[in-house]
Structure formats: C-alpha cells, structure tokens
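Reader: I am in my first year and would like a close look at a single part of this protein, namely its cysteines. Could you take me through them carefully, and then show me what surrounds them in the rest of the fold?

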Amino acid sequence: MSEVFPRYAYEDFTIGSEWPLGSKIVEAEEIIEFASQFDPQPFHLDEAAGKASILGGLAASGWHTVSMFMRMLCDAYLLDSTSQGAPGIDYVRWTQPVLAGDTLTGKTTILDRRVSNSKPSLGFVKLHHSVFNQDGLAVCELEHTAMFSLREPAK
C-alpha cells in the first residue's frame with residue numbers, strides 16, 4: 001500500500017501568496033452553546049442583552065470567533081498539509097462583533113518562511129489571517145508562525 005502524502009507542504013507556502021478560507025454562517029444556537037460552556041457573558045447568551053450592549057446583538061465570543069476561524073483554516077488547507085502545529089500565536093484582534101446570522105469568510109497571507117536550523121525537515125511559516133463578515137468588514141485578525149514538514153528535506 002502506498003503512502004498518501006498531503007497536498008500542501010512547506011514548499012507550497014510562498015511569501016506573499018494568499019490562501020482563501022471557506023465560508024461559515026454563524027447560528028444563534030451555536031453562539032449560545034459556546035458561550036454557555038466557555039464565556040457566559042450576557043451578550044453572548046441572550047439577544048436582548050446583546051442589543052442592550054455596545055455589540056448590537058447576540059454576539060459570538062471572541063474565542064468562539066477564533067474557534068470558527070480555526071475550523072475554516074482546517075477545512076481550507078491545514079488538514080491536507082504537513083502541519084506540525086504552532087509554537088504559539090503572536091496576536092489576535094477582534095475588530096468588529098460577530099453577530100448571529102453573519103457569514104464569515106477569510107484569507108491567509110504568507111509573510112515569511114525559513115527552514116529550521118536544528119531540524120532541516122521542518123519549516124517555519126509566518127502567517128497572517130483575516131476574517132471578514134458578509135459586508136467585507138474585518139472581524140478578526142491573527143498572526144502566528146506555523147510549522148510544516150518539508151516535502152523534500154535537504155540531505
């Protein structure tokens with residue numbers, strides 16, 4: 001049986017390239033479910049409380065937004081890659097509320113990359129991610145370095 005190699009490896013992440021993420025419709029029920037378990041602030045649990053807040057409606061937790069982004073990232077390319085995880089995140093910014101009924105889309109931009117000095121079969125790729133709502137407004141931005149195996153490591 002032959003081994004199936006993931007489609008995307010370190011070599012595919014070229015500086016300046018943009019990788020589209022799919023779309024995600026944000027449902028009120030999932031906002032409430034996530035908030036009930038992880039961030040039970042009133043504006044994440046109740047439409048009236050959300051409307052009375054500066055958020056303007058039932059709003060997803062920022063951490064829920066990042067979780068939805070992560071799923072979009074996995075579905076777009078990460079699950080079909082040589083990803084080896086990430087050593088951390090440089091920053092995350094929530095720039096607009098994500099409200100029930102919003103449709104999220106996004107993109108990844110490759111900022112930099114380098115092969116590891118100590119593990120030449122591993123590469124570090126610096127990524128910038130932007131998530132947008134249906135009006136084209138950025139709702140979240142993230143930046144971090146991810147690790148990917150090389151398809152053809154130097155010998």
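**The cysteines and the interior**

Author: In this predicted model, the count of disulfides comes to zero, when a disulfide is taken as a pair of cysteine sulfur atoms within 2.5 Å. A disulfide is a covalent bond between the sulfur atoms of two cysteines. The sulfur of Cys-74 has its closest cysteine sulfur in Cys-140, and because these lie 15 Å apart, they are too far from each other for a bond. Seen from the other side, Cys-140 is likewise in no disulfide, with the sulfur of Cys-74 as the nearest one, 15 Å away. Cys-74 has a relative accessibility of 16%, so it counts as buried, since buried means under 20%. Cys-140 is buried too, with a relative accessible area of 0%.

From here we can turn to the interior. The largest nonpolar core holds 29 residues, and those with the most contacts inside it are Phe-13, Tyr-77, Val-98, Leu-104, Val-125 and Phe-148. Strand E1 (18-25), helix H4, strand E3 (103-115), strand E4 (122-132) and strand E5 (138-149) each supply at least two residues of this core, and the element that gives the most is H4, with six. To take one member as an example, Val-125 is in contact with Tyr-10, Phe-13, Ile-110, Asp-112, Arg-113, His-144, Thr-145, Ala-146 and Phe-148, once its neighbours within four places in sequence are left aside.

Strand E5 also contains Glu-143, a residue that is buried, with a relative accessible area of 14%. If residues up to four places away in sequence are not counted, Glu-143 touches Ile-89, Asp-90, Tyr-91, Leu-111, Lys-126, Leu-127 and His-128.

Helix H4 appears again when we look at open space. The largest pocket has a volume of about 180 Å³, and of the 16 residues that line this pocket, the closest to its centre are His-44, Ala-60, Ser-61, Gly-62 and Trp-94. Two elements, helix H2 (42-45) and helix H4 (62-76), give two or more residues to the lining, and the largest share, three residues, comes from H4. By residue type, the lining of the largest pocket divides into nine nonpolar, six polar and one charged.

To return to your cysteines, the sulfurs of Cys-74 and Cys-140 are 15 Å apart, and the model has zero disulfides.

Notes
Residues numbered from 1 in each chain as written. Predicted model: local features only at pLDDT ≥ 70, side-chain atom pairs only at ≥ 80, totals over all residues. Heavy atoms only, no water. Buried < 20%, exposed > 50% of the residue type's maximum accessible area, 1.4 Å probe, protein only. 1 Å grid on protein atoms, 1.4 Å probe; cavity = no way out; pocket = protein on both sides within 12 Å on 5 of 7 lines; lining within 4 Å. Points joined across faces, edges and corners; volume = space filled by probe spheres on them. Helix = DSSP H or I, 4+ residues; strand = E, 2+ residues; numbered from the N terminus. Nonpolar A, V, L, I, M, F, W, Y, C, P; charged D, E, K, R; others polar. Core = buried A, V, L, I, M, F, W, Y, C linked by side-chain atoms within 4.5 Å. Contact = heavy atoms within 4.5 Å.
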